[in-house]
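Here's a quick tour of a protein chain for anyone new to reading structures. Have a look at the picture, then read on.

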Amino acid sequence: MNRTDRQNPVCRFLTTLALAIPLLLSGGFSHAQESSLPSIGGSAGLISGQQEAEIGQQVMASIRRSAPQIQDPLIYDYLHAITYKLVPSAPLDNRELKLVLIDSPALNAFAVPGGIVGVNGGLFLNAATEQQFASVMAHELAHLSQRHFARRMEQQETSAPLTLAGMIAGIVLSAVTQSDIGIAAIAGTQALSIQNMLAYSRAHEQEADRVGMEILANAGLDPRGMPEMFEIMMRQNRLQGNQMPEYLSTHPLTQNRVADSRNRAEQYPDERIRDGQEYHLVRSRLQVRYASSAQLAVETFEDYLARDDAKRNDAIRYGLAVAYQRNQQYQKAERILRELLDSSPGRITFQVTLADVMLDQKRYEDARTLLRQALSRNPRNYPITWTLAEIEIADGNGDTAAGLLRDLARRLPEREQIWLRLAEAEGMARNIVGVHRARAEYYALMGDLQSAQRQLRQAQEKLPAGSAERQVVNERLNDITDRLQARRG
């Protein structure tokens, strides 16, 4: 629960990777060495929509292989909800986004073509309000909608091909070795060039500020969250000296820009929109996650709760319950969660966390009863369904767990941990074909198409000719084989 990304070649790798993959798609490493950069394509020289989809697919595979992720369904569900509250107000061509939660307490967020938007867990720690958190998400959606990445790639057509080839080589090495060896390969004389490419221009940042505020206002959120978040970043930058937040290395921030954003925000009606409670519950959950020990988490939240103004603060009480759970003080955790449920009986976060506490104590029937009732009121809910599947696996009911996970996989096919857990449940249920099919999807998401192909062939061999399931497997095998051939060709 307290796995941290100790900052870190990974964040640098992600940002650099996002910048260089289009060159790989445009012709590969050897081609970059021997010719001028190819045309980026698309209207007005921008990256085409098809290229962006391919970039997104490859970046996601690299992230899954190389970056530690938060797989907590409650946190992911909140991130999905707040993002899609903003999306209808964002001028995006592609609204099918892929969301990434990097397991790091550092302050960072990123967006790359293909509809990928990522945040570190540390963004929740640093954003004191939902409005501040949403402002970073809106800013990243603005970068996507204005295609700033593609514009910067267009500007790099005049760069020296050998310099870019060196960058690509380092990035590929990082992806293969899952270490910082590739970062070392692109250090030295190329470092300044890389940093110049990574950082958005001042004009792009100002445009993203303006568009981001429009997104916030149109989504019913407070544009004042953006200058407030900038001020937090500036303050953190001053406190850290030369070790600026990772976010500021690619999103340069100046006093003038902070002042401009404050002035622009003041043009909107002063409605002072209240935060949703769920943001603060998730933030408390992450504060416990990144505490250096379970005991320290307990002491911190007990201190918070001792303050007069915090007695009735549900987010602090919830944080203490999660801290007690982490510290294996299950009775104390359960007492708080039941009190919270008495006042908010339908809140999914409280129900799922209480079921988790019961699961830790192997009280499978109690947990199952609680979540079956919750699922009947909230059909297809991700955190409830996932936790119910975990209960069934722990209780040895592989077939029931597999049914729940198959439903999740159909609705959330990009969540690789669902496929991995489904393979385990299918194994418990002795459904060998199901194991192969789930593993194939997991490997495909990880970018290992050969392993995916092998799993599908094994599934194919075990199915009778002419069966409906064999036809489904055949079609998926053909799709994976076509992708492999395209990659090799």
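What follows goes from the whole chain to its strands and then to its aromatic rings.

First things first: this is a predicted model. The chain has 489 residues, and buried ones make up 55% of them. You'll find 25 helices but just 3 strands here. About 21,400 Å² of the chain is exposed, with carbon and sulfur atoms supplying 47% of that area. Now take the contacts between residues at least 6 apart in sequence: 68% of these join residues at least 24 apart.

**The strands**

Let's start with β3, which covers residues 116-120. How many of its residues are buried? That would be 5 of 5. In a regular strand, side chains alternate between the two faces of the sheet. In β3, Ile 116, Gly 118 and Asn 120 sit on one side, while Val 117 and Val 119 sit on the other, and both sides are covered.

β3 also has two pairing partners, shown here:

| Strand paired with β3 | Sense | Bridges |
|---|---|---|
| β1 (residues 98-102) | parallel | 5 bridges |
| β2 (residues 109-112) | antiparallel | 4 bridges |

Want to find these pairings on the model? Lys 98 has Ile 116 of β3 as its bridge partner, and Ala 109 stands opposite Val 119 in β3. β2 and β3 form a hairpin with 3 residues between the strands, and Gly 114 takes a positive phi near 95° there.

**The rings**

Next up, the aromatic side chains. There are 10 aromatic pairs in the count. One of them is Phe 301 with Tyr 304, an edge-to-face pair with 5.3 Å from centre to centre and 85° between the planes. Why are these two about one helical turn apart? Because they are 3 residues apart in helix α15, which spans residues 294-306. Are they buried or exposed? Phe 301 is buried, with a relative accessible area of 3%, whereas Tyr 304 is partly exposed at 25%.

Elsewhere, Tyr 78, Phe 124, Phe 133 and Tyr 279 come together as one aromatic cluster. A charged residue joins in at another ring: Arg 415 lies over the face of Tyr 76, 3.7 Å from the ring centre.

**A record to compare**

Finally, an unreviewed UniProt entry places the feature "repeat: TPR" at residues 348-381. In the model, that span is 79% helix and 0% strand, and its end C-alpha atoms lie 9 Å apart.

Conventions:
Residues numbered from 1 in each chain as written. Predicted model: local features only at pLDDT ≥ 70, side-chain atom pairs only at ≥ 80, totals over all residues. Heavy atoms only, no water. UniProt positions renumbered as here; feature names shortened; annotations may be inferred. Buried < 20%, exposed > 50% of the residue type's maximum accessible area, 1.4 Å probe, protein only. Pairing = 2+ DSSP bridges. Contact = heavy atoms within 4.5 Å. Areas by Shrake-Rupley, 256 points an atom, 1.4 Å probe, with all protein chains shown as cover. Phe/Tyr/Trp six-rings, centres within 6.5 Å; stacked < 30°, edge-to-face > 60°. Lys NZ or Arg CZ within 6 Å of the ring centre and 35° of its normal.
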